[in-house]
Structure formats: C-alpha cells, structure tokens
Amino acid sequence: MRRPLGALAGLVSLAAVCTPLSPAQAATAAETAAAAPAAPAALAAACRVSVAKPRLSTALKIQSFAVRRGCFRPALMRIRILRAVPGPDRVVKSGAGRKGRITLAIPCRRGTYYAVATDYRGNSVKSKPVKLSCAPGRGTTTPAPTPSPSTPPPASGTAGTAEENEVVRLTNAERAKGGCRSLAHDPRLRAAAAGHSTDMARNGFFDHDSQDGRGFLDRIRAAGFTGGSSWAENIAAGQPTPASVVRAWMNSPGHRTNIMNCRFNLIGVGAVKDARGRIYWTQDFAAR
C-alpha cells in the first residue's frame, strides 16, 4: 500500500492511519479535485484485490486474508481457502463481507493450501499454493513460555544506528513527561523493526502487513523475541529526521497512545532509506 510523503500508521490490534495535510496542501488538493474530477474509469482501474497465501499462526491456525485497495466504491468480497487434493480441490472455508478486508482461520491439518479472493466487480486473485505442516517448528512458530517477572529487560539503549537510537531517546523523553518509564532498545525488536522498514523501502509499500501476509507480531517472533504480554507498532514514511518522525507520531492520537503506553518497557526502532532517499520508520513495542 503506498502513502504520500509523511505517511503514518500505528497498530495495536487495529491500524490507525493518519496522513495530515497542511492548510496549503489541503487547499491545493481541493482546487485540483474541483478543476479535474477523477474519471470513473481511472478510479475503477486503480481498484485491486490482493490475497495472502495461507500460513500457520503462532496459535497453530491456518490463516489467510484478502484486501480491496484503491477502490472507489464498496463491494461484496469473498475469500476462500482451498486444500489441494486428488480431483477437484476442496474449499475448506469461505467468507464474505463489505469492509475491505476479510480474514479467515481454520484448524491446522497437514496439506497444501491456497486462497482465492473475488469481488462482484470482477476483480479476482489467487495466492500461490503452500505446503503446511502442523508440527511445531515446521512452517510455524511455537510461542515460548513467558519469562518470569524477575527476568530483567536488556539495559542497552544502543542496539541500532545513531538515527534509530535518537528515536528511542526522543521517545523516552516524551514518555517521561507522562510519568512512564524509559524503554530499553531491545536488539530482537530492533531486528524486527529494521526488517520491516527494509521490506517497505525495497518493495515500495506502506502497511503493517508484510506482502507475504505476516503481521507485526509474526515478524517480532521470527526475530527471536519470546514471551511478552502486549505489543504494538508504529510506522511512518517520509519524515527526514528522528525529531520530525517522533513529533509526527506524537501529534497523531493513535501513535501517541502507543508511545505513551506505560505498560511497555521494550522498543525496537528501524530506519531505512529507499532508492530516492525517503526514510521508512518502524517502532515495535513490547511489555515483558
């Protein structure tokens, strides 16, 4: 998903996306829309449906989701998870809705699966097939036990680059104003955040969901972070400095809520430039 310069998105269990415009930008946008209304054909051409290949969640469920993006009008969308078997492939679960995103989950059963998404406006897409196993460690991640409360978090605040560590410092300065303790820069959360920023920068998208269907908690677990009781993620793109991105997050209610959540005691920050020099920022938070 692409966003204009200065885009933001924050996620706890739901995404909060905020892309504020300056008065001058808002006026220019209004004038442009009045002078040259978008053609219905062009809007229809921008509408597309995407579907994630089925994967195993940490709860050992087979999951897939479908999304309609860039669509001018709402439409009923259906997603089906199919299992490849001798003869006609079997639909194991189907769901439909008009909200623009549908997620399906089914109990794990070893086999080869793929997903198909269709809306009634003629957009249809099929994921690549994937062979899944329900055995722990084969195609899935098994959650590790939560460490005891006596396990101390990493004390180091220098897990990342100078820019990333400055984001941590500025974030902690804002938290101190609200009476929250400082966040330690955890190397595993930093790896997850930097990996997502790199993915967005290289592949030109802006979303909490990776293009392979993983969410932020999947990426955190894949980076080796175990245990924990709550997590959140903020992303942004286009802010040129640590100070500007922290300021943008603090000026957005959803992102500010993540930063000022006093339950969190760990953070990971990733800052990566794309080929044009635009910086993609990711903050991953955890309580442990």
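Is arginine 188 buried or partly exposed? In this predicted model, arginine 188 is partly exposed, with a relative accessible area of 27%.

## The pair of aspartate 186 and arginine 188

Arginine 188 takes part in a salt bridge with aspartate 186, and the closest N and O atoms of the two are 2.6 Å apart. The acidic partner falls into another accessibility class: aspartate 186 has 0% relative accessibility and therefore counts as buried, since the buried class covers values under 20%. The value of 27% for arginine 188 lies between the cut-offs of 20% and 50%, which means partly exposed.

## Salt bridges linking separate parts of the chain

Across the whole structure, a search finds ten salt bridges. One of them joins aspartate 119 to arginine 68, with 2.9 Å between the closest N and O atoms. Aspartate 119 belongs to strand β9 (residues 111-119) and arginine 68 to strand β5 (residues 61-69), so this contact ties together parts that are 51 residues apart in sequence. Aspartate 119 counts as buried because its relative accessibility is 3%. Arginine 68 also counts as buried, at 12% relative accessibility.

A further salt bridge is formed by the side chains of aspartate 209 and arginine 101, at 2.6 Å from N to O. Here the acidic residue sits in the loop between α4 (187-203) and α5 (216-222), while arginine 101 is in strand β8 (residues 101-107); the pair therefore ties together parts that are 108 residues apart in sequence. Aspartate 209 has 14% relative accessibility and so counts as buried. Arginine 101, by contrast, counts as partly exposed, because its relative accessibility is 38%.

## Nonpolar cores

In soluble globular proteins, nonpolar side chains tend to be buried together. In this model, the largest nonpolar core comprises 22 residues. Within this core, the residues with the most contacts are Val167, Val245, Trp249, Trp281 and Phe285. The elements contributing two or more residues are the helices α3 (162-177) and α6 (242-250), together with the strands β13 (230-237), β14 (266-273) and β15 (279-287). Of these, α6 gives the most, with five residues.

There is also a second core, separate from the largest one, which has 16 residues. Among its members are Val49, Ile81, Ala115 and Leu132.

Terms used: Residues are numbered from 1 along each chain as its sequence is written. This is a predicted model: local features need pLDDT of at least 70, side-chain atom pairs count only at pLDDT 80 or more; totals for chains, interfaces and linings use all residues. Side-chain values use heavy atoms; hydrogens and water are left out. A nonpolar core is a set of buried Ala, Val, Leu, Ile, Met, Phe, Trp, Tyr and Cys residues joined through side-chain atoms within 4.5 Å. Buried means under 20% relative accessible area, exposed over 50%, partly exposed in between (1.4 Å probe, protein chains only). Helices (H or I, at least four residues) and strands (E, at least two) are DSSP runs, numbered from the N terminus. A salt bridge is a side-chain nitrogen of Lys or Arg within 4 Å of a carboxyl oxygen of Asp or Glu.
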